[in-house]
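Colleague: I'm new to reading protein structures and would love some help with the vocabulary. Could we look at one together?

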Amino acid sequence: MTKITFGGNPVTLEGHERVVGDKAPSFTVLDNDLNEKKLEDYSGVRIISSVPSLDTGVCDAQTRRFNEEVGKINGASVLTISVDLPFAQKRWCGAAGLEHAITLSDHRDLSFGQAYGLVIKELRLLARAVFVVDSSNQIVYAEYVSEVTNHPNYDAALQAAKEAK
């Protein structure tokens, strides 16, 4: 299992770690209107951006960056997933001016976090990670950010999304 830290302190990840070449497992999360959503509800190339909370600086920047860049990639979308409540996600999107961003909440069951090995046991938050899933539901890029308070490798993830089919 990938070793990560939060504020320099080691934390325990729960769930199943995913690597390039894995079939992307489905999950059940809630959208901003409390509707259940699954991976299969979104098609094409998907950048799955896992963040601890949209109300932090790095998570805010990560969500903005991927949503700004995805428009340059034909047929791609970004799913930003955190354990923030759907109401807080909706409020954040409005305040950030990203009303069309897809933010999804894993607060109820941690279904996504368990399926992708991202649940921080000590904090009940999701670790920072980025996955690129192609149109055949294959993981073509996976990054578990080693220090949760650091940024992911945006350029590598976006390049993988551009090259995915």
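Modeller: Happily! Let's begin with a term: rings of Phe, Tyr and Trp (its six-membered ring) pair if their centres lie within 6.5 Å; planes under 30 degrees apart count as stacked, over 60 as edge-to-face and the rest as tilted. Phe 27, Phe 112, Tyr 116, Phe 131 and Tyr 144 form one aromatic cluster here. Please note that this is a predicted model, where local features need pLDDT of at least 70, side-chain atom pairs count only at pLDDT 80 or more, and totals for chains, interfaces and linings use all residues. Residues are numbered from 1 along each chain as its sequence is written, and side-chain values use heavy atoms, leaving out hydrogens and water.

Colleague: Why is the pair of Phe 131 and Tyr 144 called edge-to-face?

Modeller: The ring centres are 5.5 Å apart and the planes meet at 90°. A pair needs centres within 6.5 Å and edge-to-face needs over 60 degrees, so both conditions are met. Phe 131 sits in strand E11 and Tyr 144 in strand E12, 13 residues apart. Strands are DSSP runs of at least two residues (E), helices of at least four (H or I), numbered from the N terminus.

Colleague: What makes the span of helix H1 close to the expected one?

Modeller: The expected span is 1.5 Å times one less than the number of residues. Helix H1, residues 57-69, has 13 residues and reaches 18 Å from its first C-alpha to its last, close to the 18 Å expected.

Colleague: Are Phe 131 and Tyr 144 buried or exposed?

Modeller: Both are buried, meaning under 20% relative accessible area, with exposed over 50% and partly exposed in between (1.4 Å probe, protein chains only).
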